[in-house]
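Q: I am new to this structure and should like to learn how its features are read. Where should we begin?

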Amino acid sequence: MYAIVDIETTGGHASANGITEVAIYFHDGKKITESFQTLINPGLRIPYYISALTGINDEMVEGAPAFPDVAARIFELLHDKIFVAHHVNFDYSFLKHHLSLAGFNLQTKKLCTVRLGRKILPGLPSYSLGKFCLSLGISNSARHRAGGDAEATAKLFSILLERDIDGFIPQALNVRSKEQSLPANLAKSEIEKLPLVPGIYYFHNQKGKVIYVGKAKNIQKRVCSHFSNNKPGKQKQEFIRDTFSVTFKPCGTELMALICEAAEIRRLWPEQNRSLKRYQHTYGLYAFEDQNGYKRLAIDKIKKSLPALYTFNYLVDGHSMLRCLINDYNLCSRLCYLQKQITCEVNMKPCSVCTGEETALAYNKRVDIAVSGLQLLLPSFIIIDEGRAENEKSCVLMEKGRLYGAGFLDEVPDTGNLQFLKEKLTPYSSNDYLRNLISNYARQFPSKTIAI
């Protein structure tokens, strides 16, 4: 038994919006057998633009039941049926979310009439409900109302059942099929062409614009995981709605995929990427000379016009490194802005700078040595790993603690000719995120790491 469902809501995602109307038409596989529909008081004001679209306003739902009052009945009608809807993930996410708030766990198989339409009746101008029905001669006198749209979808579903000579509907209901979880506008063939290798992948919207970039050890498996749940939040629902196609780029290893992902997010700035778009250097170690001629070291927020000696994600990390330099090279903590008193103390007594015993020239030499020592402490190495093909190697170059670049080579590089190697690699912007990833990878796989 099929339950063809349509709902009207106060907004586009379930976690922050309510349901204003529910309609369910029941289909036995041959014909419509019965129906159920009700207005629902969402418990919040219906936005004007929603009322203009649906015709449902606050006055109409004032005396209607709240969703918890009809939740048991709706669950009883749906829980043992196959849930069918046009853009099924939208309707299903709303009802599942609001049923769960009322104490009911909806777990049913799903069918999307958009996806089925593209397969069973390919080549139509549009698969939006209104235009799809118009192409098939299905009338709908109550457009954008749950009852009218559910009835039209039920009639549409009857036609799909009749014309499904290749058995797409039984295939979609198969437990192993991905049809039930994929976005309405993403073809299964797009998933099937994805390789099972490390790399990056791109989700595109209807116009082809990249809306999300991700990395994976296994591209196909990772892409499928994006649709393994149908969370009711705004970001997830917009992501499902806007995904129309997926492309990919093999990278050979997960490390190369991580580097390429970070670079592509910075290049494309996709709207659905959140974490790496926010990632940037926050603090830097700077050196400058004060009015008395003494060189000072300081941790400060990143300045675009002034190159930092080193960068940090957190202020505490910068202060920790600066304290190490102070201790190792006997620097003045007051001149490094780690002590606010007039004089700093070393071994319970003022330091030689604060007592005036050490000239700026002598102190500055020690600061220069400390900075040089910092540069020497920063590692330079190459990571050689698998490539995208059997006769290819991936290469990542870290130079003095910064990512210089990465790329693919036909053979193991000559580490004695660093300039030649650099010409073969693609330069990448370095940041703490990539630096930590690459350093951790080098520690985890020392056999793949060559110090230079």
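**Reading a helix and a sheet**

A: Let us begin with the length of a helix in this predicted model. Helix H14 (residues 315-329) has 15 residues, which at 1.5 Å a residue should span 21 Å; the C-alpha atoms at its ends are 21 Å apart, so expectation and model agree.

Q: Which residues of H14 are buried, and which are exposed?

A: A general idea helps here: an α-helix has 3.6 residues a turn, so residues three or four places apart point the same way. In H14, Gly-318, Met-321, Leu-322, Leu-325 and Ile-326 are buried, that is, under 20% relative accessible area. Seen down the axis of H14, these buried residues fall within an arc of 145°, and therefore line one face of the helix. Val-316, Asn-327 and Asp-328, on the other side of H14, are exposed.

Q: Which residue follows H14?

A: Asn-330 follows H14, and its phi is positive, near 55°.

Q: In what order do the three strands of the open sheet stand?

A: The order is S7-S6-S8, with antiparallel pairing. Strands S7 (210-216) and S8 (245-250) stand at the edges; each has a single partner strand, so one side of each lacks a neighbour in the sheet. On average, neighbouring strands of this sheet are turned by 20° against each other, direction ignored.

Q: How many bridges join S6 and S8?

A: Strand S6 (residues 199-204) pairs with S8 in the antiparallel sense over six bridges. Phe-203 stands opposite Val-246 in S8.

Q: Which helix packs on the sheet?

A: Helix H12 (residues 254-268) does, touching S6, S7 and S8. The direction of H12 makes about 165° with that of S7.

Technical notes: Residues are numbered from 1 along each chain as its sequence is written. This is a predicted model: local features need pLDDT of at least 70, side-chain atom pairs count only at pLDDT 80 or more; totals for chains, interfaces and linings use all residues. Side-chain values use heavy atoms; hydrogens and water are left out. Two strands pair if DSSP finds at least two bridges between them. Helices (H or I, at least four residues) and strands (E, at least two) are DSSP runs, numbered from the N terminus. Axes are lines fitted to C-alpha atoms, for helices over the stretch in contact, and angles run from 0 to 180 degrees between N-to-C directions. Contact means heavy atoms within 4.5 Å. The expected span of a helix is 1.5 Å times one less than its number of residues. Buried means under 20% relative accessible area, exposed over 50%, partly exposed in between (1.4 Å probe, protein chains only). The arc is that of the directions from the helix axis to the C-beta atoms.
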